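Subject: Handing over a structure, with notes

Dear colleague,

I am passing on the structure below, and I would be grateful if you would keep it open while you read the notes that come after it.

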Amino acid sequence: MAQSDHKKFFENLSGAGKAIGVLTSGGDAQGMNAAVRAVVRMGIYVGAKVYFVHEGYQGMVDGGDNIEEATWESVSSMLQVGGTVIGSARCKEFRTHEGRLKAAYNLVQRGITNLCVIGGDGSLTGANLFREEWSGLLDELLQAGKIDNEAVLKYSHLNIVGMVGSIDNDFCGTDMTIGTDSALHRIIEVVDAIMTTAQSHQRTFVLEVMGRHCGYLALVSALACGADWVFIPEMPPADGWEELMCTKLSESRSRGSRLNIIIVAEGAIDRHGKAITSNIVKDLVVKCLGFDTRVTILGHVQRGGTPSAFDRILASRMGVEAVLALLEASPDTPACVVSLCGNQSVRLPLMECVQMTQEVQKAMDEGKFEEAVRLRGRSFENNLNTYKLLAHRKPQSELPHDEALCRSSFNVAVLNVGAPAAGMNAAVRSAVRVGITEGHKMFAVNDGFEGFSRGQIKEINWGDVGGWTGQGGSLLGTKRTLPAKYIEKIAEQMRINNINALLVIGGFEAYLGLSELLAARGKYDEFCVPMVMVPATVSNNVPGSDFSIGADTALNAITDTCDRIKQSASGTKRRVFIIETMGGYCGYLASVGGLAAGADAAYIFEEPFDIRDLQSNVEHLTEKMKTSIQRGLVLRNENSNENYTTDFIYQLYSEEGKGVFDCRKNVLGHMQQGGSPSPFDRNFGTKIAAKAMLWISRKLKETYRQGRVFANTEDSVCLLGMHRRALIFQPVVQLKEETDFVHRIPNEQWWLKLRPLMKILAKYKTSYDVSDSGQLEHVVRNRSKETENVAI
């Protein structure tokens, strides 16, 4: 990253005299509109002209009204709409030379030499070919007398930037494509609904999800709902799978489960390339087990509906990055794709990504399935490995037994600390099952450290956590109480139950609690055991991690509510809503929620504001009311300022806006903590807890000496967090310097860099540091185990 004294700001990049065309092509995906909106607004912001190309490449070939100049207002209210407002079509004509010649003529007529293409690999490959042929096409148009020499010189090269819009997440080089998270939301909504009816009738359900060539949706939804079996094209089941699957289903029933869920990707095959359809699976279950079995094919439901908060933020970030890439492009720059790696935007050469995507298919066609999984990338591989760890309970004989340790099992306790966060239960389930697979005895502690001191601790088994992934809140119970006042009693419980390791799932209190247990090691040997914390809080305020379990679900709750509130203003007009979000002193929910909901402003503690800022926001909204967008949305973090309260801001806006707009206020409160966990939180919780348990296993082996576990080094008390592109373990002691303990927030927070995006997209002049952007990276094939990513 550039040094702070060499920061690069985008104010130096001007779009004056440039024209950008934006089109959506191929299959539609939720979030495409958010990308179009970001491209249009960022383009206009930097002084360029931006054109909609309606109906994809077909509109480019047909020209006329299909290529229309966009205005700031023309993309208003698009953010929350699924599909693509500017239309998408499969275009045979663009595949012909004549078609591309017509398209080139239509673009030159409007001076468009920058194209932003949102689509799948086919659409992007077409764009790259168009770019390579561009100068030849202009020569042909010159020969035909359709354009003059001046136009050939002026529009001599075409710049292309791609964004991948595809619900299948089948494009190599990017962790998440636009639309994938929303498609997972649709699948999980259906699975959750089906589970209740399946439970009532003791049924087995076979669900078919999209993914003709890529099993991502099937794999992640299987992880997120704890499915009994999953079929994906990249990893066909071994021969004899029929018997194995039926044994697994009947075992699950005999342990007391009343239902089975099997997920099938539409492109699922066996080892010999023969299709495995949902009906084949259903007939098999009925024939072998006689279970009442139903098939549900989700179909186009997965493409529909409103985009999730994740997809809106992803698409908005990618859209802004795409415009920056076009402004910086030169005739020698290869066509690139803006993409997401971890939580960072990156630029990758378009054809490298396309080539790798095609290699996956080639590997599958040749039966090299391990290779196909590796080529899909680390996110896919991680999901598959976690699913394998959790899916099947091993018989006692197969559990690890280390002769050198003279024992096969350690006692590991799991507890939840702090406020409840959606996804905590998924993390507990994952930890319990991975722990059992690793050969440990797992104990569940109820009601946090307080419950621990009272002896509310009992062994928890494989079947006890069945069906936990989709449950909101904390089934173990959780309390904010810190351990210091109960330290002696907790030490006693550790001794009574012979606890050899601790896994704490929680927020800032869990972090403080772990620090207190570490400090107590001098006095109590019982705490000289490996301890690890997994961050889970809606506030996302834990140092050492960019994301916390529960924050994504809270963001979706905020975004859904803001959508409804904005809709209520469409009838009344000239109305401004002031919405208060949770987060303590951390402005994550207000800022990122503001970006996802299309807010005009978000007041947070980390960015101090005064009466002049409030005044300028009122003036900005007054100007906005003169346009066709006659509504405003302002978010305020609950502790952003002790004097400028939500009531104060509401009264100030009401007074200053008299005669121009009226005001309403809304405190969202605890609805942000409740609800069923989002697919991201289920998956993040599942993967991060599995990784934490594997670390515990490793540490237990390292610290087992003379018949007991003794760990007293700093690195035996860690926090496992997602940082930039990797999941890393950091000793709690080292995180002290990074923490503002008074306000319970990390000193540095990555999402503050997203705030200027919200301001730009709301038409505020602002400064935007683009030091992190602009580097064209390359697609990486082999990764070291250390940089395992956790993007879903």
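The notes below take up one helix, the nonpolar cores, the aromatic rings and two buried polar residues.

This is a predicted model, in which local features need pLDDT of at least 70 and side-chain atom pairs count only at pLDDT 80 or more, while totals for chains, interfaces and linings use all residues. Residues are numbered from 1 along each chain as its sequence is written, and side-chain values use heavy atoms, with hydrogens and water left out.

I begin with helix α11, residues 350-365 (helices are DSSP runs of H or I with at least four residues, strands are runs of E with at least two, and both are numbered from the N terminus). The expected span of a helix is 1.5 Å times one less than its number of residues, so the 16 residues of α11 should span 22 Å, and the 23 Å between its end C-alpha atoms agrees with that. Within α11, the residues Leu-350, Cys-353, Val-354, Met-356, Thr-357, Val-360, Ala-363 and Met-364 are buried (buried means under 20% relative accessible area, exposed over 50%, and partly exposed in between, with a 1.4 Å probe and protein chains only). An α-helix has 3.6 residues a turn, so residues three or four places apart point the same way. The cover over the buried residues of α11 includes α4 (121-143), β10 (336-341), β11 (344-349) and α12 (369-376), and just after the helix Gly-367 takes a positive phi of about 80°.

Turning to the interior, a nonpolar core is a set of buried Ala, Val, Leu, Ile, Met, Phe, Trp, Tyr and Cys residues joined through side-chain atoms within 4.5 Å. The largest such core has 192 residues, and those with the most contacts inside it are Met-163, Ile-261, Ile-263, Leu-503, Phe-527 and Tyr-588. Helix α10 (residues 309-328) gives the largest share of this core, 13 residues. Apart from it lies another core, of 50 residues, among them Tyr-57, Leu-141, Ile-269 and Val-779.

For the aromatic rings, those of Phe, Tyr and Trp (its six-membered ring) pair if their centres lie within 6.5 Å, and planes under 30 degrees apart count as stacked, over 60 as edge-to-face and the rest as tilted. By this rule there are 20 aromatic pairs. One of them joins Phe-231 and Trp-241 edge-to-face, at 5.0 Å centre to centre and 75° between the planes, with Phe-231 in strand β7 (residues 229-231) and Trp-241 in helix α8 (residues 241-254). Both Phe-231 and Trp-241 are buried. Tyr-588 and Trp-751 also form an edge-to-face pair, at 6.1 Å centre to centre and 75° between the planes, and this pair links parts of the chain 163 residues apart. Tyr-588 has a relative accessible area of 4% and is buried, and Trp-751, at 1%, counts as buried too.

Two polar residues complete these notes. Ser-591, in helix α19, counts as buried at 5% relative accessibility, and a polar contact of 2.8 Å joins its side chain to that of Arg-755 (a polar contact is a pair of N or O atoms within 3.5 Å; within protein, one must be able to donate a hydrogen and the other to accept it, and residues adjacent in sequence count only if both atoms are side-chain atoms). Asn-617 lies in helix α20 (residues 611-624) and is buried, with a relative accessible area of 8%.

With best wishes

How values were computed: Contact = heavy atoms within 4.5 Å.
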